[in-house]
Amino acid sequence: MGYSNFLFLKEELSLIAMIIILLVYDLFGSKKSLNYFHPVACILFLAHTLFNFFPTGSIEAFGGMYIDSPIGDVVKTILNVGTLLILMQTSNWINSENMLIRRGEFYIILFTSLLGMYFMISAGNFLLFFIGIETASIPMALLSAYDKYKHESAEAGAKYILTATFASGLSLYGISLIYGTVGTLYFADLPAGIDGSPLQLMAFGFFVVGLFFKISLVPFHQWTADVYQGAPTSVTAYFSVISKGAGAFVLMNILCKIFSNLVTEWQSVLYVIIIATITIANLFAIRQHNLKRFLAYSSISQAGYIMLGVISGSAMGMTSLVYYILVYMVSNLAAFGVIGIIEQRTGKLTVNDYNGLYTTNPRLSFVMMLALFSLAGIPPFAGFFSKFFIFAAAAQQGFYVLVFIALLNTIISLYYYLLIVKAMFINKNDNPIEPVKSDIYTRISLIVCSAGIITIGLISAIYENIEVFSFGV
């Protein structure tokens with residue numbers, strides 16, 4: 001094991017190189033050249049995404065501390081695409097007068113958080129995993145409080161860092177107990193020492209709290225609505241899609257590979273948590289008037305659906321989970337893109353503000369409708385197929401009652417998603433939101449998201465290729 005092992009960290013090294021380039025550019029670039037910071041950052045990240053687009057074979061480095069798998073590469077690529085779409089949607093906000101002085105910091109903090117998620121996904125040792133989760137979480141607290149001119153943003157950052165610190169402390173305590181009972185932190189060696197003793201069960205309980213917090217599962221969801229509402233909209237989109245997607249994948253990977261001997265125990269825990277998460281989030285979503293809080297509870301509900309893939313504990317469950325993350329990404333980013341445009345131009349964020357939106361902004365209304373239909377699981381949009389496969393994965397393992405409860409909850413979710421559609425297309429408004437224009441970057445991102453919502457479910461090769469990479473999980 002030598003320095004040559006670093007060469008196996010292709011995605012991480014590529015991202016670190018890009019962060020260094022942007023840091024030097026931000027520090028030493030002339031005032032005139034910094035006007036092009038956003039397009040340069042987008043182009044560099046696009047090059048990074050394309051360079052790492054195709055999965056490589058399984059790779060181990062540093063004695064098994066770092067493990068790069070094909071399905072892990074697929075998840076990283078999905079996160080890259082999602083981050084690129086978010087970057088494009090931030091153009092108008094990050095170039096606003098209040099943000100110009102601190103513009104470069106945003107990109108560096110964002111990419112540092114993504115780097116932490118890379119380490120989480122490829123960790124083969126609890127030490128690297130914890131370094132990854134902290135590298136991802138601390139920058140996210142900074143992003144929450146990034147808009148220093150808004151009191152709500154500072155409040156969001158404070159709430160996130162306090163709850164994240166508490167969750168990380170519990171997870172670290174669980175990891176220490178696991179090490180104390182097994183004597184190793186390597187994922188490959190841990191299953192042989194997991195025997196289900198009371199101390200190990202307690203250690204497992206402490207450990208999963210941290211991941212439940214990151215994914216916003218009930219009852220560890222209390223921070224979500226306040227942070228989503230207070231953080232800048234682009235940051236909220238990042239929390240909702242990128243952070244949640246990485247956390248869900250890592251949770252399934254660890255449960256299936258390390259705690260496979262405790263499958264009965266963690267499936268029982270997830271059974272209760274899934275029902276509570278989907279039901280409570282749906283009921284609270286109905287009551288929301290602020291659209292960012294509305295999407296916060298929607299994302300909590302979606303996290304519950306994602307966990308159906310985790311509880312199955314099978315290759316089909318892994319395939320369905322990754323596919324669900326992909327579909328959820330384009331659907332949610334389409335919705336946040338529309339909300340971000342209107343908020344930036346008009347400052348309006350409530351459901352009633354969207355009454356009659358179609359009369360003045362038909363294109364934005366259409367994109368929002370596509371996003372909501374997909375999130376609700378209405379055919380033939382991509383969200384229908386993602387829900388079908390995630391339900392099938394859980395049913396394959398005999399969780400019929402759980403799937404039935406989830407199906408009943410889709411009716412509730414359909415109701416509150418259609419409330420927004422009704423507001424835009426049916427409700428009358430004497431003073432609807434005036435016509436708004438978006439920048440070219442945001443328009444491209446919305447076109448990509450809309451195309452994904454329409455086509456991803458219809459292109460069977462996407463699911464089939466993910467299934468190939470998930471084989472053996």
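Here are some short exercises with worked solutions on the predicted model shown above.

## Exercise 1: A charged cluster

**Task.** Find which side chains Lys76 meets in salt bridges with Glu11 and Glu12, and work out where these residues lie in the chain.

**Solution.**

Step 1. Start with the distances. The N to O distance between Lys76 and Glu11 is 3.9 Å, and between Lys76 and Glu12 it is 2.9 Å. Both pairs pass the salt-bridge test because a Lys nitrogen within 4 Å of a Glu carboxyl oxygen is enough.

Step 2. Place the partners. Lys76 belongs to helix 3 (residues 70-89) and Glu11 to helix 1 (residues 10-28), so 65 residues separate them, and the pair links distant parts of the chain. Glu12 is also in helix 1, so its pairing with Lys76 ties together parts that are 64 residues apart in sequence.

Step 3. Look at the burial. Lys76 is buried, at 1% relative accessibility. Glu11 is buried at 3%, and Glu12 is buried at 0%.

Step 4. Widen the view. Salt bridges with shared partners join Glu11, Glu12, Asp68 and Lys76 into one network. The model has six salt bridges by this rule.

## Exercise 2: A pair in another setting

**Task.** Are the partners in the salt bridge between Asp226 and Lys159 buried or partly exposed?

**Solution.**

Step 1. Confirm the pair: the side chains of Asp226 and Lys159 meet with an N to O distance of 3.0 Å.

Step 2. Locate the two residues. Asp226 sits in helix 10 (residues 222-230) and Lys159 in helix 7 (residues 151-182), 67 residues apart.

Step 3. Read the accessibility. Asp226 has 27% and Lys159 has 29%. Buried would require a value under 20% and exposed a value over 50%, so Asp226 counts as partly exposed, and so does Lys159.

## Exercise 3: A nonpolar patch

**Task.** Which residues form the nonpolar surface patch that includes Val24, and how much accessible area do they have together?

**Solution.**

Step 1. List the members: Phe6, Leu7, Leu13, Ile16, Ile20, Leu23, Val24, Leu27 and Phe28. Their combined accessible area is about 880 Å².

Step 2. Take one member as a check. Val24 is located in helix 1, and its relative accessible area of 43% makes Val24 partly exposed. That value fits the patch rule, because members need over 30%.

## Exercise 4: Two helices side by side

**Task.** At what angle do helix 16 (residues 362-376) and helix 18 (residues 400-425) pack, and how is that arrangement described?

**Solution.**

Step 1. The angle is about 170 degrees, and the axes lie 9 Å apart.

Step 2. Angles over 145 degrees count as roughly antiparallel, so helix 16 is roughly antiparallel to helix 18.

Step 3. Now inspect the contact. From helix 16, the participants include Phe366, Met369, Leu372 and Phe373. In helix 18, the residues they meet include Leu414, Tyr417, Leu418 and Val421.

## Exercise 5: Backbone surprises

**Task.** Find where the cis peptide bonds from Val218 to Pro219 and between Pro379 and Pro380 lie, then examine the phi of Ser216.

**Solution.**

Step 1. Recall the background: most residues other than glycine have a negative phi, and most peptide bonds are trans.

Step 2. The Val218 to Pro219 bond is cis, with omega near 10 degrees. Pro219 is in the loop between helix 9 (198-215) and helix 10.

Step 3. Pro379 and Pro380 are joined by a cis bond with omega of about 5 degrees. Pro380 lies in the loop between helix 16 and helix 17 (382-396).

Step 4. Ser216 is not a glycine, yet its phi is positive, about 70 degrees. Ser216 lies in the loop between helix 9 and helix 10 and is buried at 0% relative accessibility.

## Exercise 6: Two buried residues and their neighbours

**Task.** Which residues touch Ser312 and Leu143, leaving aside those up to four places away in sequence?

**Solution.**

Step 1. Ser312 is in helix 13 (residues 291-312) and is buried, at 3%. Ser312 touches Met252, Gln267, Gly317, Ala393, Ala394 and Gln397.

Step 2. Leu143 is in helix 6 (residues 126-144) and is buried, at 1%. The contacts of Leu143 are Phe106, Ile109, Leu110, Pro232 and Val235.

Methods: Residues are numbered from 1 along each chain as its sequence is written. This is a predicted model: local features need pLDDT of at least 70, side-chain atom pairs count only at pLDDT 80 or more; totals for chains, interfaces and linings use all residues. Side-chain values use heavy atoms; hydrogens and water are left out. Helices (H or I, at least four residues) and strands (E, at least two) are DSSP runs, numbered from the N terminus. Buried means under 20% relative accessible area, exposed over 50%, partly exposed in between (1.4 Å probe, protein chains only). Patches are made of residues with over 30% relative accessible area and no salt bridge: like charges are joined within 9 Å, nonpolar side chains (Val, Leu, Ile, Met, Phe, Trp, Tyr) within 5 Å. Accessible areas come from the Shrake-Rupley method with a 1.4 Å probe; for residues, only the protein chains shown count as cover. Contact means heavy atoms within 4.5 Å. Axes are lines fitted to C-alpha atoms, for helices over the stretch in contact, and angles run from 0 to 180 degrees between N-to-C directions. Angles under 35 degrees count as roughly parallel, over 145 as roughly antiparallel, 65 to 115 as roughly perpendicular and the rest as oblique.
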